Amino acid sequence: MQKGAKGWPYRSKPVRFGYGNSLRLTEKRHFDRVFRQASVRRAHPPLRLIAIPNAKTTPRLGIVVGKRALRRAVDRNRLKRAIRESFRNEQHRLPSMDIIIQAMPGKDGMNDSTEWANALSLLWKDLNGEG
RNA sequence: CGAGUUGGCCAGGCAAUCGCUGGCAAGAUUUUUUGUCAGAGGAAAGUCCGGGCUCCAUAGGACAAGGUGCCAGGUAACGCCUGGGGGGCGUGAGCCCACGGAAAGUGCAGCAGAGAGUAGACCGCCACACAUUAAUGCGUGGUAAGGGUGAAAGGGUGUGGUAAGAGCGCACCGCAGGCUUCUGGUAACAGACCUGGCUAGGUAAACCCCACCUGGAGCAAGGCUAAAUAGAAAUCCGUUCGCGUGGUCCGCGCGGGAUUUGGGUAGGCUGCUAGAGACAUUCGGUGACGAAUGCCGUAGAGGAAUGAUUGCCCAAGACAGAACCCGGCUUACAGGCUGACUCAAUCC
């Protein structure tokens, strides 16, 4: 791929911003482990972060957006995409932890994308402080 | 040009960069890299119907329960669609209708009113008797034309008739019957004719009756492969008991016994997208639709992809996200394009 050399002169070495399967929580037991043994809990409404250290070299992300938080499937998809995108951009600054981002039911600002963005950046900052 | 009716179609576009999922090819060699191609909807929604598919019997019998309900056609099927009939609304194009049976039975109907389903005398009208002075009062009887009540008063209008009245008689309209009359129509039905009499009110998305239809569960269905652990399959025999099976019973299958052989949860793979398929032309049909020929290749995730940032353009972007697949219905929806038709005005 040419892009690293040509289109992105400000990036000195090729750092990948992908979001493959190794960066995701893919099974129910992974989620259960995080919820049970959570060592970090932070909340910036409308979002909540739960995390534990993992044995990998990278962070892993899981997203929980329930029907009670956002009724319409379109809105749930939009929020999940925003969270994934944010994680993708932040992943190299984050410690190696299994992280779950959860939408809090019954909070305002669920449909406001700037609220998500603010909450996410605060959560990432908190997590770096912990790590 | 204005007002309106109805059918079809579209659902911001382009570019750059960073990402996601899948197919194919190549490299690496056991799950990654590179290239390339593809990647949400008209409703993907509500889950209200109908099918396919899978397992339980090949889905079978009885009862129960539910659904449908003018006729004909279309279809894999339908509660859908098309055409027709009947009724209602609209000047019209057109729109709306759960549109079988109330003389099989049961039930229900507030208030008002004399009386509400075997009708019924409150006022009025009429006759007779009595009282007093012509008129009135009182009593007895007749009367459903008029008033009044009500959503509804037991056919309507006219005429004869009568003490006053009344389908009491007659004419027309309406109604019922003609199962086996005639004409048109495949039929629903329409028209004609004959007979009858005025009875048989409403309600069946009240029970009910009649006709027709419906077995149950669902892709977490089901199949293959398989750590831990010792629960299995095939064949034969048998039907006390338990389970499959759903509301019940019958029936059927499995567990049971014998023989032989090897099996199975987490996980993985599969089911998983080529289908009642799309488009074009021709032919048949009023139409829904069907047939033939040609041509196209069109999401397939699985904690769940189709996004983010930036720029430009315009009329400034609604409702909304596939989860086994189709056919419908219903509901939501910014705006735009387009076919046909109606009404009114004007011009020729």
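**Salt bridges, sheet and one aromatic pair**

Trainee: Quick one. Arg60, buried or exposed?

Mentor: Buried, at 10% relative accessibility. Buried means under 20% relative accessible area, exposed over 50%, and partly exposed in between, with a 1.4 Å probe and protein chains only.

Trainee: Any ground rules for this model?

Mentor: It is predicted: local features need pLDDT of at least 70, side-chain atom pairs count only at pLDDT 80 or more, and totals for chains, interfaces and linings use all residues. Residues are numbered from 1 along each chain as its sequence is written, chains are lettered from A and ligands numbered from 1 in the order written, and side-chain values use heavy atoms, without hydrogens and water.

Trainee: Back to Arg60. Which residue does it bridge to?

Mentor: Asp98. Their closest N and O atoms are 2.9 Å apart. A salt bridge is a side-chain nitrogen of Lys or Arg within 4 Å of a carboxyl oxygen of Asp or Glu. Asp98 is in strand 4 and Arg60 in strand 3, 38 residues apart. Strands (E, at least two residues) and helices (H or I, at least four) are DSSP runs numbered from the N terminus.

Trainee: And how accessible is Asp98?

Mentor: It is buried, with a relative accessible area of 0%.

Trainee: How many salt bridges does the structure hold?

Mentor: Six. One of them joins Arg42 and Asp126, at 3.8 Å from N to O. Arg42 sits in strand 1 and Asp126 in helix 3, so this bridge ties together parts 84 residues apart in sequence. Arg42 is partly exposed at 30%. Asp126 is partly exposed too, at 25%.

Trainee: What about within a helix?

Mentor: Look at Arg78 and Asp75. Their side chains meet at 3.5 Å, N to O. Both lie in helix 2, three residues apart, about one turn. Arg78 is partly exposed at 46%, while Asp75 is buried at 7%. Arg72 joins those two in a network of salt bridges.

Trainee: Which residue is the nearest opposite charge to Arg76?

Mentor: Asp75, but its side chain is 7.8 Å away. Arg76 is buried and has no salt bridge. In the charge count, Lys and Arg are positive, Asp and Glu negative, and His and the chain ends are left out.

Trainee: So what does Arg76 touch?

Mentor: Leaving aside neighbours within four places in sequence, Arg76 is in contact (heavy atoms within 4.5 Å) with Val65, Gly66, Lys67, Leu70 and Arg71.

Trainee: New topic. What is the strand order in the sheet?

Mentor: 1-2-4-3. It is an open sheet of four strands with mixed pairing. Two strands pair if DSSP finds at least two bridges between them. Strand 1 (40–44) and strand 3 (60–64) are the edges, each with a single partner, so one side of each has no neighbour in the sheet. The twist averages 15 degrees from one strand to the next.

Trainee: How many bridges join strand 1 and strand 2?

Mentor: Five, in the antiparallel sense. Val40 stands opposite Ala51 in strand 2.

Trainee: Last one. Which rings pair up?

Mentor: Phe87 and Trp124. A search of the whole structure finds one aromatic pair, and this one is tilted: 6.3 Å centre to centre, 55 degrees between planes. Rings of Phe, Tyr and Trp (six-membered ring) pair if centres lie within 6.5 Å; planes under 30 degrees apart are stacked, over 60 edge-to-face, the rest tilted. Phe87 is in helix 2 (residues 73–90) and Trp124 in helix 3 (residues 113–130), 37 residues apart. Both are buried.

Technical notes: Axes are lines fitted to C-alpha atoms, for helices over the stretch in contact, and angles run from 0 to 180 degrees between N-to-C directions.
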